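Visitor: Please take one packed pair of helices and go through it closely. I would also like to know what lies around it, with each term explained.

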Amino acid sequence: MAVILQSRRRKIIFAAGAVLLLAILLGLNADQASEWFEQNDPVLRQALVTGILIGGVFALVAMGLTLIFGVLDIINFAHGALMTVGMYITFVLFDNYGIDPYISILITVPALFLIGVVVQRVIIRPASNAPPHNLLLLTLGLALLLQNAMLVIFSGTPRSIRLDYGRGETPIGPFIIDFPLHLFGTTITLNKLIAFIMAMVLAAGLYILLQKTDLGKAIRASAQDKEGAALVGVDIQRIGLITFGIGVACVGAAASLVLPFFFVDPVAGNTFNITAFVIVVLGGLGSIPGALLGAFIVGITQEMGVVFMPSSTKLLGVFIVFILVLLFRPQGLMGKKE
Amino acid sequence: MSKLRELSSDYYWLLAVTAVFAVVSLFLDQFQISLAILILFWALLGAAWNILGGYAGQFSFGHAAYYGIGAYTSVVLLINFEVSPWVGMAAGAALAGLFALLIGYLSFRYGLKGAYFALATFAFAEMLRLIASELELINTSVGIHVPLIGGDSWLRLQFEDTPSNFFFAILILFVVVMLVSIWVARHKVGYYFQAIREDEDAAAALGVDPLGYKLAAIVISGALTALGGSFFVQHFGYVNPELVFGVAISIEILLRPIVGGIGTIWGPLIGAIVLTPLAEFTRDFVRNPPPFLEIIEGRAGVDVMIFGVILIAIIIFMPDGIVGAAVRLRERFLS
């Protein structure tokens, strides 16, 4: 106990020191700092809003990942590749049949659920007693397989879709709103707004499913204690199957939501995969609320990071936050201590 | 007792393997030599990873960090100060060892284990890749070409006229890494590593310092991995951040020891002997498919798809690697 207290105190002292140092640095250059903030004010606001909007989609991807980890103890490296599959399904439906991406969610979600169930049954379950690194490699092998299958089918050319609405005056219910929306000096496009709202609705649905239904209770029970759940009559094999399916269905929805403002090529999902890892560790592996919180932190960090470090890629700031969290709170912001 | 006797024979095995490789190489054509170079190259990297990932049981998913540091250190020293790649290699190993110490100290100090350690190492490697892509000193993401002097030079590790000399260069490096690896495995350090892997608390209770030995494992493993990185630059003649710091390298490095047999002396080499030609053959198969499969001819991606399927099958059917499967087969045969 004393050791824990000591290490916690050390962490607090360390964090306080860092904040103090930052304050002194800012104080020394108070004039320049305030000038810089004034100049970059619109950019910072935009970064904040974009970060929150994109964070909503990240949340959906990360919830799928964290759910799979919580119940099956698998870090699913094929998560991004499965998202790419969802994006191609959305693309084909739009390009060949003119189906709106927001409607094709009704197809991508069940399709990806089925793919997830098949993957779990054929690849994951036979190895469920193997050491954890084997499961990790299996999902890596699956990612290789999927990525290259898509390369064979669709070639490496990036593709995107262009919706014929969302610019100019758009009727939404009884209102007519001019898009892109200008709010508090920021610009919000319809695509990102819809993606955010629908992602949040789906995330809430998932949360209710887990909290209120019998299926959700069984899933949470097997995440907490497999043997205990089995003893009280939960069919943990079936729960594993369904959980993997739900986790993968989450990226199916995310895939349809991002395509209108993103692009798809055989490795398009990989950035989402990496981001989702960061989010899940940040929030605590296996924690659904943690994934939501982590997603917003990461979304804002990546957009803000570009403002503070203009020449770097979006991910650098995210990785810095990631490593800090791993070192100071490895169980994550909302994770349970082992 | 029988295990001890088995272990002590590993040096003789290494001698035999080296002799076989050296003799056989004299009869190989250009393509086969380059395949042999790749086998030894991946076996070296796998053996280096195996010290940390196999013996000490700390699953690193970011060995690209050390590989890239090795690659860039030697090529930067070569270009700016005309330092021989052999010296650059040693410098790269030292630098990679230091960086490994930093990563190890930060991670192990705070008790990162299992999936968390894997993800942390992954993040460190990705950060190096992003930083390297911005760093002017190493020509950002454009990359660096090794200046060609024309002709052969052991000092400059360049063999334009007789590329097969690269084979002997990598053979030397392979032997160095295997000597360290065997020494670790049969010395008490290796037993401490394994004790920590099996049960850290029990090991600590018996007086083994987990932090110290885990740090030793990551430093040795990182430094040896850097040797492979330096060799890659000289052999390939070009380097950029994606090539040496990318996720693909971290995956390739750990693939062979796991398929061969994690935590065994010969697993990495066996994995390399099986997987490296397999990747080449699937590529060749797609280039010249049998008549009934002409549809796949020359299609990019099919070869990696086949490789992915075979990889999945190997992991499902041989969960403890080829060495583990062989041991089990022998036991069944004997009993």
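**Two helices of chain B, and what follows from them**

Guide: The axes of α3(B) and helix α10 (residues 210–236) of chain B come within 8 Å and cross at roughly 165°. Here axes are lines fitted to C-alpha atoms, for helices over the stretch in contact, and angles run from 0 to 180 degrees between N-to-C directions. This is a predicted model, in which local features need pLDDT of at least 70 and side-chain atom pairs count only at pLDDT 80 or more, while totals for chains, interfaces and linings use all residues. Residues are numbered from 1 along each chain as its sequence is written, and chains are lettered from A and ligands numbered from 1 in the order in which they are written. Helices (H or I, at least four residues) and strands (E, at least two) are DSSP runs, numbered from the N terminus.

Because of their angle, α3(B) and α10(B) are roughly antiparallel to each other (under 35 degrees counts as roughly parallel, over 145 as roughly antiparallel, 65 to 115 as roughly perpendicular and the rest as oblique). Their crossing is left-handed, a term used if the near helix is turned anticlockwise from the far one by less than a right angle; clockwise is right-handed.

On the α3(B) side, the residues that meet α10(B) include B:Phe41, B:Leu45, B:Trp49 and B:Tyr55. Among their partners in α10(B) are B:Ile218, B:Ser221, B:Leu224 and B:Phe231. Two residues are in contact if their C-beta atoms, placed from the backbone, lie within 7 Å. By class, this contact has 14 nonpolar, 3 polar and no charged residues (Ala, Val, Leu, Ile, Met, Phe, Trp, Tyr, Cys and Pro count as nonpolar, Asp, Glu, Lys and Arg as charged, and the others, Gly among them, as polar).

Helix α3(B) has a further role: with α12, α14 and α15 of chain B, α3(B) is included in what covers the buried residues of α13(B). Those buried residues include B:Gly267, B:Ile270, B:Leu275 and B:Val286. Buried means 20 or more other C-beta atoms within 10 Å of a residue's own, exposed means 12 or fewer, and partly exposed lies in between, with C-beta atoms placed from the backbone.

The length of α13(B) (residues 267–287) can be checked too: its 21 residues, at 1.5 Å each, should span 30 Å, and its end C-alpha atoms are 30 Å apart, which agrees. The expected span is 1.5 Å times one less than the number of residues.
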